[in-house]
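I opened the model to look up its fold, its charges and a few single residues. My entries follow the order in which I looked.

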Amino acid sequence: RLPLSSFLGTFAAMLEGLRGRSREWFGESFERNTFGWIVMLSILFSIEICVLIWLCTRWPKRTKALEVDWTQDLDVLELDVPLPEDATSRDVTIRFMPTTLHVSIKGARKPAFDSVKLLRPVVPDECNWQLWPVAPVEPGTKRTVKITLVKAKEAHWPRLLEDEDGKVKKS
């Protein structure tokens with residue numbers, strides 16, 4: 001990111017340079033010339049618009065936090081991860097590990113779960129996933145990836161992730 005103080009310093013230097021150039025272009029009487037000021041202000045305005053457009057294209061875009069619904073029994077956790085409309089099962093990659101979960105969906109800006117640390121261990125060989133609803137659906141129907149995690153020890157989990165700030169909504 002470009003610090004604001006650096007940007008303002010650069011802009012002030014550019015303005016002073018433009019002021020010096022304006023004397024060359026319009027002569028010494030430029031500062032008393034209304035037309036000259038209008039031209040200079042329109043040039044500055046154009047530069048400002050270009051800089052703003054440049055900053056807007058480079059600024060990191062905020063993405064909405066992914067809301068994942070989850071429920072649990074004593075031995076199983078079920079997660080519902082939203083799926084983009086045009087995604088298929090080939091677009092979904094899920095890796096189960098005893099204490100971490102990785103879920104990525106092709107076409108999404110970032111992985112749904114990028115190797116997040118689960119609160120407690122699961123049994124990776126017994127975990128699975130499927131698209132829901134399974135049958136071909138009508139356009140506009142919201143689909144999810146339904147993930148089933150089998151707990152290593154039967155217990156109630158107060159939260160899904162080890163990290164307290166995990167952006168996961170409990171149903």
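Before listing elements I fixed the terms: helices (H or I, at least four residues) and strands (E, at least two) are DSSP runs, numbered from the N terminus.

Basis. I worked on a predicted model, in which local features need pLDDT of at least 70 and side-chain atom pairs count only at pLDDT 80 or more, while totals for chains, interfaces and linings use all residues. Residues are numbered from 1 along each chain as its sequence is written, and side-chain values use heavy atoms, with hydrogens and water left out.

Entry 1, overall. I counted two helices and eight strands in the protein chain. Read from the N terminus, the order is α-α-β-β-β-β-β-β-β-β. For burial I used relative accessible area: buried is under 20%, exposed is over 50%, and partly exposed is in between (1.4 Å probe, protein chains only). Of the 171 residues in the protein chain, 28% are buried. I took accessible areas from the Shrake-Rupley method with a 1.4 Å probe; for residues, only the protein chains shown count as cover. The accessible surface of the protein chain is about 12000 Å², and carbon and sulfur atoms hold 56% of that. A contact means heavy atoms within 4.5 Å. Taking contacts between residues at least 6 apart in sequence, I found that 57% join residues at least 24 apart.

Entry 2, salt bridge. How many salt bridges does the structure hold? It holds one, a salt bridge being a side-chain nitrogen of Lys or Arg within 4 Å of a carboxyl oxygen of Asp or Glu. The partners are Lys 146 and Asp 80, with 2.9 Å from N to O. This pair links distant parts of the chain, 66 residues apart: Lys 146 belongs to strand β7 (residues 143-150) and Asp 80 to strand β2 (residues 76-83). Lys 146 is buried at 18% relative accessible area, whereas Asp 80 is partly exposed at 23%. I noted the general point that side chains of opposite charge can pair when their charged atoms come close.

Entry 3, patches. I built patches from residues with over 30% relative accessible area and no salt bridge, joining like charges within 9 Å and nonpolar side chains (Val, Leu, Ile, Met, Phe, Trp, Tyr) within 5 Å. Lys and Arg count as positive and Asp and Glu as negative; His and the chain ends are not counted. The place of a charge is NZ of Lys, CZ of Arg, CG of Asp or CD of Glu. A negative patch on the surface consists of Asp 73, Asp 75, Glu 78 and Glu 154. Glu 154 sits in the loop between β7 and β8 (169-170) and is exposed at 62% relative accessibility. A nonpolar surface patch is made of Phe 45, Ile 49, Leu 52 and Ile 53, which together have about 380 Å² of accessible area. I checked one member, Leu 52: helix α2 (residues 34-58) contains it, and it is partly exposed at 43%.

Entry 4, Trp 157. Is Trp 157 buried or exposed? Trp 157 is buried, at 0% relative accessible area, and lies in the loop between β7 and β8. I measured nothing by hand; the computed C-alpha to C-alpha distance from Trp 157 to Leu 119 is 7.5 Å, for a sequence gap of 38 residues.

Entry 5, two strand residues. Thr 100 is in strand β4 (residues 100-105) and is buried at 17%. Leaving out residues up to four places away in sequence, Thr 100 touches Arg 95, Ser 115, Val 116, Lys 117 and Leu 118. Asn 128, in strand β6, is partly exposed at 40%. With the same sequence exclusion, Asn 128 touches Phe 96, Lys 146, Ile 147 and Thr 148. Asn 128 and Thr 148 are 20 residues apart in sequence, with 5.4 Å between their C-alpha atoms.

Entry 6, loops. Which peptide bond is cis, with omega near -10°? I found it going from Trp 132 to Pro 133, and Pro 133 lies in the loop between β6 (128-132) and β7. Arg 90, in the loop between β2 and β3 (92-96), is exposed at 80%. Asp 125, in the loop between β5 (113-117) and β6, is exposed at 81%. From Asp 125 to Val 150 the C-alpha distance is 8.9 Å, at 25 residues apart in sequence.
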